[in-house]
Amino acid sequence: MIRRVAVIAVKPARGEKGGAERLYEGLVSSLHSDGVTADLINIVSDESSFEAIEETYLRVYDLDLSSYDGVISTKAPSYLIRHTNHICYLIHTMRVFYDMFDNEFPQPTKELMKQRELILNLDSAALSYPRTKKIFVIGNEVKNRLLKYNQLESKVLYPALPSDNFRRGSFQYIFTLSRLHRWKRVDLIIKAMKYVDRPLTLKIAGTGEDETWFRELADGDKRITFLGHVSDEDLIDLYANALVVPFVPKMEDFGYITIEAFRSCKPVITCTDSGEPAYIVREGESGFICPPEPEAIASKIEYLYDNQERAKKMGIQAKESINHITWENVSEKLLSALGANR
Amino acid sequence: MSDNFRETNYPEVDIDKIMEQIREEVTRRRGERNKSSHNDEPVRHEKAFIDASEIMTIISSAESIADISLMTPKMLQFSGLTRRLAVFTGKKILYLSTFITAKQRSFNITIIHALRTITDTLTRLGNDIFLRIKNETDDNIEPLKKDIGSINTRQTDMSSTLEGLTGSQAETAALLKLLKNGQAETGNILQNLMNEQAETASSLGSIRKEQAETGNILQNLMNEQAETSSALGSIRKEQAETISSIEGLRKEQHTQLEEIGKNMEQIKSIVNNDDGSLEALYVSFEEKFRGSRENIKERVKEYLPYIKEVNAGTSDLPVLDIGCGRGEWLELLKDEGLIARGVDKNSIFVSQCSELGLDVTNEDIFVYINKLPDKSLGAVTGFHIIEHLPFVQWIKLLDETVRVLNVGGVAIFETPNPQNVSVGSYSFYMDPTHRKPLPSQMIKFIAEARGLSSVKILELHPNPEAGNKSGSDTDKRFNEHFYGPQDYAVIGYKR
C-alpha cells in the first residue's frame, strides 16, 4: 500500500526559476490525492565546482527517506537516493557532462575526462535496476540521451501544465517566451526579423544572463520589444493574441512554451535541432519544423501572416494534439509503477 | 567527443565503494579547509611533561649556600693589608662560628635533599597524570573535529542557499511593493468595514436592549404562565371536585326525580280522584261569575247573523262549539233550528247539556277536533276559552279550526278585552284558570297569519255603569278606558 510518497526536487543554488519548478508543483499536487500524501523534498545543488557536485551527490546518497513508502527522483543527482521503492521521473542529468560537454570543454583536461567518467558511472549505476525500479523521462530527448550515454531504457511521459487558463484570442503578433540564455537561441528569432517583410511585431518575454547580447542584436529595431518578467495573467493574454510562437532552442529537453502555445491555439515554429519541440510539433499540422536558420524561420512567419485562416486551423489542431497530456495521466502511471493499487 | 565514448562497464561499478571514496575525499578536503582556516593562530608545541628544571635550579642555588660557615667571603671590597686582615679575621670568626653553625648546616642539607626528593616524585606523578589526561582528551577531540567538519559543510550549503535567497529577494521586494499597494486598498476596505462594524455594533446595542426588554417580557410571561399553570392546576382540581360533586348531585337529583315521579303518580291519582270535585267547583264558579243562563243566552244572540250568513248549522256543515260549558249558545242554535255540537272536558257541564237534549261530547277538545274530517264544519265557535290555553295550543286550535272548516265557513272566538283597564287589571284575574289577557290586535294578527280571511274584531259588552258619554275629551277618554267594551270577538272566514 502506497500512502506516503516523496518527490525529490533539485534546486539550483543560484535560483533561476524555470520549467522544472513548475513541473514539481504540478506533479506533487496531482500525486497528492486519493489516499496518497506526496511531499516535496528540496535538495540544493551547487554545481559551481566539481567538489561541490561531489558533495551534492554524497548528500543525496546519505539522505534517509525510509519513512516514505515510495520515492520519485527527478533531476541529477536526486536518483542517488537509497530507497527500496524508488522510481525516477527524469528531467535531466547534468548536461554539462553529457551532450553539452563538447560545447563547454572543446579541449578537456585529463582531470575533466576523469570527472566525466565518474559522473556517468555513478548516474548509470544509480539509475539501474534495482536501485531504480523504473525510469520515466519528460521527453524523447532525455530518453535518447539516456540510451546513448547510459545504455538505459526509459518511457516518455510528458508533464502537463500546472495551470490551464490559456485561451484563444486574436492573431496579431509574434510572441516568444524564454529564459534569455544562448542555449534558447532567441538570437535566431531576432535575426529572422531582419528578413520578415510584413507589418508584424515581435514580443519577447523573459529575463536571463544573455539579455544584453540579445538586445544588442535587436539593434534598436522598433518592431522588437523586450517585456522582461511578465505576470501569469499577462502571459495568458500575450499567448492569446499571438499569430505564431517561434520556439527554437538547441536540444530542449521539453519546453513548456510549446504546450502553452498549443493550449492557446497557436502554431509553433521550431527547429530540427530544437529537441523535444520538434517531436511535439507536427510539420504543417500544428506548426513548422525548419532548419536553424533565420531566413527559414522568417519565411514560415510570413507564410502564416499571409495565410491567417491556415494559422487559425493549425492552432486548433495543435490544441487537439495535446489533449492527452494531463497530470492525472502522469500521476496514475507513476503511482502504478510504485506499486500503488489504482 | 565520440558517441561511443563510454567504455565503462557500469554494472561492475560499485557505487557504494565510489561513494565511500568520495566521502573520504570530501572529509579530507574539509579537514584541510579546517586546518588552513586556523593558520593565523600560533603553533603550540605540546608540553607533555611537567618542567621541574626551574625548581631544581632554585634548589641548587639554595644548596650552594647550604654549607653555611664553611667558606669565608672573598672580602674583595678590601685590598692590601686591610684585605688580608679582613680575611684573617673572617677565618677566625668562621672557625669560631663552626661550632655554632654545624647543626644549621646539617639541617640545611637534609631539607634540600628532602626538597629534591619531593620535586622528583611530584614531577613523576605529574607526568603520569598529564599523560593520562592527554590521552583521554585526544580521544575526545577527534569526534569534535569531525563535527566541526560537517558544520563547515552545512555552512557552505547555507551560503549557497543564501545566494539563491538573495536572487529571490529582488522578486520579494517587487512582491512587497504589490503587497503594500494591496495593503493600502485593504486598509480602505478595512476602514469601511470598521465603520460598518461600528454601525452594526450600535444597532447590535439597540437590538440587545430590545432583546433585554423582550427577555423581561418573556420572564414576566413565563411567570404568568407559571402562575396560570398553577391556577390551571387548582382549577383542574376544583373541576375534578366539581365533577364529583356534580355526579353526587346527579345521583341526588336522580333519587329526587324518582321521588318526584312517585309523588306525581300520587298527585295524578289524587287529581283523578278529585276530578269531580274540581269540575263541580268550576261549575259553581261559573254560576257565580259568568252570569245567569238567560243573560248569557241573550248576549250570544249577537253571533247568530254570522252563522246564518255562511249557511252553517246544516247536517252537512254543523256548528261546533268548543268548551260549550253550560250550553247557552247550543241551546240558542237549537232554538233557531240549526244543527250544532258541543265538546267540553267538564263532565258536569256535559251532563247538564245532555239533560237539555244538546249534542255534547265529554272529551278533551284537541282529542275531539283531531278526529274530525277536513272541511266537515260550517262554523267553529269558542266563548272564553282561548284565554285558558297556552299560546302553542291556541295556535294548534286555530290550525285545526282552519282544517275542519268548509270553504266559506266562519270561526268566532270571544275573550275578555284587556283594553278595558278594569278588565285587564282586575276582572280578567277573577277566573283562576285564566292564563293572560290577550290584546285584540295580537289575536287578529295571529288568526290572519294562520289562514283565516277577512278577520275582524267585534267589540262587545260595554259597562252599563258608564257615566256621561258626552263631556270633555278627558271624560271621553276616561270612559273609553274604564267603561269601554269588556269583551271582544275575533271573527274570520275560511276562503
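This passage describes the sheets and a helix pair in a predicted model, together with some totals for chain B. Local features are given where pLDDT is at least 70, side-chain atom pairs count only at pLDDT 80 or more, and totals for chains, interfaces and linings use all residues. Residues are numbered from 1 along each chain as its sequence is written, with chains lettered from A and ligands numbered from 1 in the order in which they are written.

We can start with the sheet of chain A, where helices (H or I, at least four residues) and strands (E, at least two) are DSSP runs numbered from the N terminus. Here 6 strands form an open sheet with parallel pairing, in the order 2-1-3-4-5-6; two strands count as paired if DSSP finds at least two bridges between them. Strand 2 (37-45) and strand 6 (155-156) of chain A each have a single partner strand, so one side of each is left without a neighbour in the sheet. Within the sheet, strand 3 (residues 70-73) and strand 4 (residues 86-90) of chain A run parallel and are joined by 3 bridges. Val71(A) stands opposite His86(A) of strand 4 of chain A. Helix 13 (residues 327-338) of chain A packs on this sheet and touches strand 1 (4-12), strand 3, strand 4 and strand 5 (135-137) of chain A, a contact being two C-beta atoms, placed from the backbone, within 7 Å. The direction of helix 13 of chain A makes about 150° with that of strand 4 of chain A; axes are lines fitted to C-alpha atoms, for helices over the stretch in contact, and angles run from 0 to 180 degrees between N-to-C directions.

Chain A also offers a helix pair. The axes of helix 6 (residues 186-193) and helix 7 (residues 211-218) of chain A come within 9 Å and cross at roughly 10°, which makes helix 6 of chain A roughly parallel to helix 7 of chain A (under 35 degrees; over 145 is roughly antiparallel, 65 to 115 roughly perpendicular and the rest oblique). Val186(A), Asp187(A) and Ile190(A) of helix 6 of chain A meet Phe214(A), Leu217(A) and Ala218(A) of helix 7 of chain A.

Turning to chain B, its secondary structure comprises 12 helices and 7 strands. An open sheet of mixed pairing is formed by 7 strands in the order 3-2-1-4-5-7-6, with strand 3 (360-362) and strand 6 (453-462) of chain B at the edges. Strand 2 (residues 340-344) of chain B pairs with strand 3 of chain B in the parallel sense over 3 bridges, and Gly342(B) stands opposite Val360(B).
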